Amino acid sequence: MSDFQFQDMLPLGKDETPYRLLTKEGVSTFEAAGRTFLQVEPEALTLLTREAMRDISHLLRPGHLQQLNNILQDPEASSNDKFVALELLKNANIAAGGVLPSCQDTGTAIVMGKKGQYVLTRGGDEAAISRGVFDTYLTSNLRYSQMAPLDMYKEVNTGNNLPAQIELYATDGDAYKFLFMAKGGGSANKSYLFQETKAVLNPQSLLAFLEQKIRSLGTAACPPYHLAIVVGGTSAEFALKTAKYASARYLDTLPASGNALGRGFRDVELEQEVLKLTQRTGIGAQFGGKYFCHDVRVIRLPRHGASCPVAIAVSCSADRQALGKITRDGVFLEALETDPAKYLPETKDADLSGDVVKLDLNRPMSDLRAELSRYPIKTRLSLSGSLVVARDIAHAKIKERLDRGEGMPQYLKDHMVYYAGPAKTPEGYASGSFGPTTAGRMDAYVDQFQAEGGSFVMLAKGNRSQAVTEACKKHGGFYLGSIGGPAARLAQDCIKKVEVLEYAELGMEAVWKIDVVDFPAFIVVDDKGNDFFANINKPSAKK
């Protein structure tokens, strides 16, 4: 019989995070029972949350920005890798101004807190934290994405981005420590759980398994990714939660080896193997190349002998998280980069890629399709003119009209359709942050819409199903991929006019008409049945 020994399953090392002081207000100490306690007022929790959610909507970590700069310096990076990296750095500089958020999908607010046993509050911590989320979303140009179910099928937008996901834990110490995240739908939808067995626990099987799953991630969540993989776990939900924290680099200080007590650890060698695997896929930073991922985290956890969960998660190009803490010295928030311009080199578009085809969108659809048909997939485009914006709910409403025999709206016959939904429009701007949404959610509509004479040219982000490729070949359609991530850059530099065409009551889900100038895109699916992602999704022969 072994002696009792306790060990934290996720033992973190020293916190080297750079913090900035927000305030010393709302924090005090007192003595009781021979011990010193930290008293935290609810206003301190609200302030920390409000500032954290605002910062992560506009600012990025210095390390993330340096990784984007590294792509521009890497001679092995493809021209498309470099083009995307430069666009994301431009976007970071615009978002850092604090007006336009870095991404139009300003996410679900997620707050994880660890409250030391010597920390006292007045109760209602979740309410105080939620108030901070509420304040930020109502006073910033952020989008409300939370849907409240009224019954199993009917939903309404809450109008303030609440509820937030808040998880508070009891721990040792005299500090209250936090991880703040804003998780957009694109990256959240790329969190996966696979219930495997011990058969996967050998180098050849595990790498083959991971290659298949990594390729299936696609680009809809806006790479380059911070990829996290967790093998093992005392439960399925713990494996997934650990993967989410790892994607935020929250677990970087875990030990590099396990022990007989079952602690989790980072497998740094396997991280490098998997990173090389991601580079070999050829997916790159959205349109082909080396930089599908910035980096990889692989965490190994203990497991029940009859279970072997494997969890995968990503943090996307809108890498939105920050640490916070409340101590006897005050309220502190991780210092994100306020001057991203230092990572932006003096690089011109001509240095990054070959020819760019300029397309005038203000001409008959037949002429536009004829010109697109002249170019191969992966061709880089610059779009100028008018296009229509419609996404999930608008597509559903148009389908209802077609099913009733009312015909395709003329605007979808005459214009390219952009799958997107804007954030709030700041004063003096034509639009708020207005980047593309995930194309795959509209796949089911394409064949019917094209058969009815609409949606012949589509613009969005990410890969699409085989059904879309077949529909484009049958009807003479095209799918163009836009860069996922630079929503602020697109709003400031490319979108010149925005007006509602239909369904104004749907808010950001309405049908819009927008005028754009030099809007970047690539041909992903053409009218001949070619799909840029078709070969990329096939595992390589190299083992």
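Here is a quick walk through two pockets, one helix and the cysteines of this structure, which is a predicted model.

**The two pockets**

Let's start with the open spaces. The table puts the two pockets side by side.

| Pocket | Volume | Lining by class |
|---|---|---|
| Largest pocket | about 1,300 Å³ | 18 nonpolar, 11 polar, 17 charged residues |
| Second largest pocket | about 920 Å³ | 20 nonpolar, 18 polar, 12 charged residues |

If you want to find the largest pocket, which has a volume of about 1,300 Å³, look for Leu12, Met112, Lys114, Tyr250 and Leu251. Those are the closest to its centre out of the 46 residues that line it. Several elements give two or more residues to this lining: the helices α2 (62-73) and α7 (236-247), along with the strands β4 (108-116), β8 (165-171), β9 (176-183), β13 (293-303) and β15 (321-327). Helix α7 makes the largest contribution, with five residues.

The second largest pocket has 50 lining residues, and Arg143, Ser145, Arg391, Met508 and Glu509 sit nearest its centre. Here β7 (155-157), α5 (185-188) and α10 (392-403) each put in at least two residues. The largest share, four residues, belongs to α5.

**Helix α6**

Next up is α6, which runs through residues 203-217 and has 15 residues. From first C-alpha to last, α6 reaches 21 Å, close to the 21 Å expected at 1.5 Å a residue.

Which residues of α6 are buried? They are Leu206, Phe209, Leu210, Glu211, Lys213, Ile214, Arg215 and Leu217. So the buried set takes in charged side chains, Glu211, Lys213 and Arg215, as well as leucines such as Leu206. As a reminder, an α-helix has 3.6 residues a turn, so residues three or four places apart point the same way. Right after α6 comes Gly218, with a positive phi of about 65°.

**The cysteines**

How many disulfides does a search of the whole structure find? The count is zero. Take Cys494: its sulfur can't form a bond because the closest cysteine sulfur, in Cys103, is 15 Å away, which is too far. For a disulfide, the two sulfur atoms would have to be within 2.5 Å. Cys494 is also buried, with a relative accessible area of 1%. Cys472 counts as buried too, at 0% relative accessibility.

Methods:
Residues are numbered from 1 along each chain as its sequence is written. This is a predicted model: local features need pLDDT of at least 70, side-chain atom pairs count only at pLDDT 80 or more; totals for chains, interfaces and linings use all residues. Side-chain values use heavy atoms; hydrogens and water are left out. The expected span of a helix is 1.5 Å times one less than its number of residues. Buried means under 20% relative accessible area, exposed over 50%, partly exposed in between (1.4 Å probe, protein chains only). On a 1 Å grid over the protein atoms alone, a cavity is a set of points where a 1.4 Å probe fits but cannot get out, and a pocket is an open set with protein on both sides within 12 Å along at least five of seven lines; lining residues have an atom within 4 Å of a point. Grid points are joined across faces, edges and corners, and a volume is the space filled by probe spheres set on the points.
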